[in-house]
Amino acid sequence: MAWVLMIVGVVLALLALIGISNRKAAKEAGLETKKAVGMIFFGLVLALFGYGLKVDSFEGPGLQAVLATIPEGDAHSWETGQFNDGVAVVINGSAGYWVKDGTAYAVNGVAKMLSSDIDYAPQGVSWLNIEEAVQ
């Protein structure tokens, strides 16, 4: 669904942009400049909404896997990003996690203190990687 929204939005915006650039054809088709600008805006919003759905479908489950390991009320803020075919998660600005195939891993000691039952991330996944991925 997300891909469809992105593609339709981009195509709509491009067609309207072409309509603006060819004023003679646009006038014959009854496309006013004001309407074309509105179509471009709508197309871009549609594409961005689709992109948001795509990101949430990947990063959302990763965040949920991390939140399930943290005692209720201890996670006050979070950021997510994509890293190394998985999801990077930072909780409360300092607890780093990496989620791969639905399994959450601690990346630093702060995360291990919050989620004592999970393992550390494999070698090659560092706090710097996670911090960069969520920005």
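**A walk from the hairpin to the cores**

Let's start at one pair of residues: Glu79 has Val90 in E2 as its bridge partner. This pairing belongs to a predicted model, so please read everything below in that light. Strand E1, residues 78-83, and strand E2, residues 86-91, run antiparallel and are joined by 6 bridges. Between the two strands of this hairpin sit 2 residues, and Asn84 takes a positive phi near 50 degrees there.

With the hairpin in view, we can step back to the whole chain. The protein chain contains 5 helices and 4 strands, and their order along the sequence is α-α-α-β-β-β-β-α-α. Of the contacts with a separation of 6 or more, 46% are between residues 24 or more positions apart. Of the 135 residues, 35% are buried. The chain exposes about 8,500 Å², with carbon and sulfur atoms supplying 61% of that area.

Now let's look inside. In soluble globular proteins, nonpolar side chains tend to be buried together. Here, the largest nonpolar core has 15 residues, and Val66, Val89, Ile91 and Tyr97 are those with the most contacts inside it. At least two residues of this core come from each of helix H3 (33-67), E2, strand E3 (95-100), strand E4 (103-106) and helix H4 (109-114). A second, separate core has 10 residues, among them Val107, Ala121, Val125 and Ile130.

Val89 is a good place to pause. Which residues is Val89 in contact with, leaving aside its neighbours within four places in sequence? They are Gly62, Leu63, Val66, Glu79, Thr80, Ala95, Gly96, Tyr97, Ile130 and Val134. Two names on that list may look familiar: Glu79, whose bridge partner in E2 is Val90, and Ile130, which is part of the second core.

Next, follow the chain to helix H5, residues 127-134, where Leu128 is found. Is Leu128 buried or exposed? Leu128 counts as exposed because its relative accessible area is 55%, and exposed means over 50%. Its C-alpha atom is separated by 9.5 Å from that of Val107, and the two residues are 21 residues apart along the chain.

Our last stop is helix H1, residues 2-21, which holds Val11. With a relative accessible area of 42%, Val11 is partly exposed. Together with Ile7, Leu15 and Ile18, Val11 makes a nonpolar surface patch of about 390 Å². Val11 can join such a patch because residues in patches need over 30% relative accessible area, and Val11 has 42%.

How values were computed: Residues numbered from 1 in each chain as written. Predicted model: local features only at pLDDT ≥ 70, side-chain atom pairs only at ≥ 80, totals over all residues. Heavy atoms only, no water. Pairing = 2+ DSSP bridges. Patch = residues over 30% accessible without salt bridge, like charges linked within 9 Å, V, L, I, M, F, W, Y side chains within 5 Å. Areas by Shrake-Rupley, 256 points an atom, 1.4 Å probe, with all protein chains shown as cover. Salt bridge = Lys/Arg side-chain N within 4 Å of Asp/Glu carboxyl O. Buried < 20%, exposed > 50% of the residue type's maximum accessible area, 1.4 Å probe, protein only. Core = buried A, V, L, I, M, F, W, Y, C linked by side-chain atoms within 4.5 Å. Contact = heavy atoms within 4.5 Å.
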